[in-house]
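Please look through the sequence and the structure below before reading on. The paragraphs that follow walk through the ligand site, then the interior of the protein, and finally a single residue in a loop.

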Amino acid sequence: MQLVLERCTVRPWRMDDAESLTRHANNRKVWLGLRDIFPHPYTTDDAREFLGKTITAQPTTNFCIDVDGAGVGGIGVRLGQDERRHTAGVGYWLGEEFWGRGIMTEAVGAFIDFCFENFPLCRISAEVFANNPASVRVLEKAGFTFEGRLRNNVVKDGKVLDSLLYARTT
Ligand SMILES: CC(C)(COP(=O)(O)OP(=O)(O)OC[C@H]1O[C@@H](n2cnc3c(N)ncnc32)[C@H](O)[C@@H]1OP(=O)(O)O)[C@@H](O)C(=O)NCCC(=O)NCCS
């Protein structure tokens, strides 16, 4: 899989992305928008462990956002199971130095189209912490619809926050 877009390419991760991945992922501002499963600080060992698992996973569900040949962000889906097997949740992040250039809007739009074409899905959702307006904008621009505010749904960085549920359906 390779989605060659105007501002970036979405492609499979490679082991030689470890250095660039560590550099861009090891950022508190990136971590603040993500689930706690995303390590902080983010070490080369974390990158190698993630890449080892991701590269061997079947099917591949986690992909690299490549700008000018370097892996500077990630995007992936978590596929639902059993009666939710037609659903998935999407997650994404980008190295801070690339924020605000429309890269994630482009990547999310193309990646969601790819997922609907390649997995048997009729719903892809995203849950955003309520203090993350940039991610809300990305989802709105990528055609997601607001479904509801989940009050006091997460504790991030010691703060109890609402999360905002968005989805795109077929
Ligand atoms: C959220 C994130 C993915 C956005 O990526 P990006 O490539 O900078 O996004 P884009 O440039 O495509 O679009 C950002 C939009 O948010 C808007 N925006 C940015 N900061 C904003 C703010 N504080 N308030 C309102 N809108 C804001 C931008 O103006 C832009 O919208 P526009 O095109 O209508 O002007 C990136 O900041 C990131 O990786 N954050 C850390 C991880 C994270 O939060 N992941 C998402 C988890 S749900």
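What lies 2.5 Å from a polar side-chain atom of Lys141? In this predicted model, the partner of that side-chain atom of Lys141 is an oxygen atom of the ligand. Two further approaches can be found at the ligand: a polar side-chain atom of Arg137 lies 2.8 Å from a ligand oxygen atom, and a polar atom of the backbone, belonging to Gly102, is 2.8 Å from an oxygen atom of the ligand. On its own the ligand has 970 Å² of accessible area, and the protein covers 71% of this area.

Stepping back from these contacts, one can count 21 residues that surround the ligand, with Tyr92, Gly100, Thr105, Asn132 and Lys141 being the closest. By kind, this shell is made up of 11 nonpolar, 6 polar and 4 charged residues. Three elements, β5 (87-94), α4 (103-118) and α5 (133-141), each contribute at least two residues to the shell, and α5 gives the most, with 6 residues.

The interior of the protein can be followed next. Its largest nonpolar core has 36 residues, and within this core the most contacts are made by Ile75, Val90, Val108, Phe111 and Phe144. At least two residues of the core come from each of β3 (62-67), β4 (70-79), β5, α4, β6 (123-129), α5 and β8 (159-169), while the largest share, 10 residues, is supplied by α4. To see how one member of this core is placed, take Val90, which touches Ile75, Gly76, Val77, Phe111, Ile112, Ile124, Ser125, Ala126 and Phe144, when residues up to four places away in sequence are not counted. Apart from the largest core lies another one, of 13 residues, including Ala25, Val30, Trp31 and Tyr42.

The last stop is Asp17, a residue in the loop between β2 (9-12) and α1 (18-25). Is Asp17 buried or exposed? Asp17 counts as buried because its relative accessibility is 2%, and buried means under 20%. The side chain of Asp17 is joined to that of Arg11 by a polar contact of 2.8 Å, and a polar atom of the Asp17 side chain also lies 2.7 Å from the backbone nitrogen of Arg14. Leaving aside residues up to four places away in sequence, Asp17 touches Arg11, Pro12, Leu51, Cys64 and Gly71.

Key. Residues are numbered from 1 along each chain as its sequence is written. This is a predicted model: local features need pLDDT of at least 70, side-chain atom pairs count only at pLDDT 80 or more; totals for chains, interfaces and linings use all residues. Side-chain values use heavy atoms; hydrogens and water are left out. A residue is near a molecule or strand if one of its heavy atoms lies within 4 Å of it. A polar contact is a pair of N or O atoms within 3.5 Å; within protein, one must be able to donate a hydrogen and the other to accept it, and residues adjacent in sequence count only if both atoms are side-chain atoms. Accessible areas come from the Shrake-Rupley method with a 1.4 Å probe; for residues, only the protein chains shown count as cover. Helices (H or I, at least four residues) and strands (E, at least two) are DSSP runs, numbered from the N terminus. Ala, Val, Leu, Ile, Met, Phe, Trp, Tyr, Cys and Pro count as nonpolar, Asp, Glu, Lys and Arg as charged, and the others, Gly among them, as polar. A nonpolar core is a set of buried Ala, Val, Leu, Ile, Met, Phe, Trp, Tyr and Cys residues joined through side-chain atoms within 4.5 Å. Buried means under 20% relative accessible area, exposed over 50%, partly exposed in between (1.4 Å probe, protein chains only). Contact means heavy atoms within 4.5 Å.
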